[in-house]
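Welcome! Please open the model in your viewer, and we will walk through it one selection at a time.

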Amino acid sequence: MSEQLKTQFTQRIIELQQRIDSIHQDFAEGRNADWSEQAGERENDEVLNALESEAKIEIQQLSNAITRIDNGNYGICLECGEEIAEKRLHVQPSAIKCIQCAD
């Protein structure tokens, strides 16, 4: 099961890195000379920056989850030491706290 999770997490990291690469390519294309077009592009840049930040955070969380799998403590609450519910891990695979401690 843990190897399967590591594979899933690794695949998701690859997808996120591809998204980041695509964002970087979009930025590298340069901007339109038309001022009205530039305003729209700046709004687009803000969205792309937010998407990139979210992707980087998720990559870090998934990398940390892989480390916890390797260390044998994946699915164990860092606060109380109890097991994190499987349903919670299914929804949030990078969860580090059980639902009681997360509140």
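Start with the whole protein chain in cartoon view: it has 4 helices and 0 strands, where helices (H or I, at least four residues) and strands (E, at least two) are DSSP runs numbered from the N terminus. Along the sequence, the pattern reads α-α-α-α. Before going further, note that this is a predicted model, in which local features need pLDDT of at least 70, side-chain atom pairs count only at pLDDT 80 or more, and totals for chains, interfaces and linings use all residues. Residues are numbered from 1 along each chain as its sequence is written, and side-chain values use heavy atoms, with hydrogens and water left out.

**Stop one: α1**

Select α1, residues 2-28. This helix has 27 residues and reaches 39 Å from its first C-alpha to its last, close to the 39 Å expected at 1.5 Å a residue (the expected span is 1.5 Å times one less than the number of residues). Now show side chains: L5, K6, F9, I13, L16, I20 and I23 are buried in α1. Buried means under 20% relative accessible area, exposed over 50%, and partly exposed in between, using a 1.4 Å probe and protein chains only.

**Stop two: the core**

Which two residues touch the most other members of the largest nonpolar core? They are F9 and Y74, in a core of 18 residues. Such a core is a set of buried Ala, Val, Leu, Ile, Met, Phe, Trp, Tyr and Cys residues joined through side-chain atoms within 4.5 Å. Both α1 and α2 (35-71) supply at least two of its residues, and the largest share, 6 residues, comes from α2.

Zoom in on F9. Setting aside neighbours within four places in sequence, F9 is in contact (heavy atoms within 4.5 Å) with L62, A65, I66, I69, Y74 and P93.

**Stop three: the annotated zinc finger**

Next, select residues 77-101, which an unreviewed UniProt entry labels "zinc finger region: dksA C4-type"; positions are given in the numbering used here, feature names are shortened, and annotations may be inferred rather than shown by experiment. The end C-alpha atoms of this span lie 8 Å apart, and the span is 36% helix and 0% strand.

Finally, show the cysteines. How many disulfides are there? With a disulfide taken as a pair of cysteine sulfur atoms within 2.5 Å, the count is 0. For C80, the nearest cysteine sulfur is that of C77, 3.7 Å away. C80 is partly exposed, at a relative accessible area of 38%. For C101, the nearest is that of C98, 3.6 Å away. C101 is buried, at 17%.
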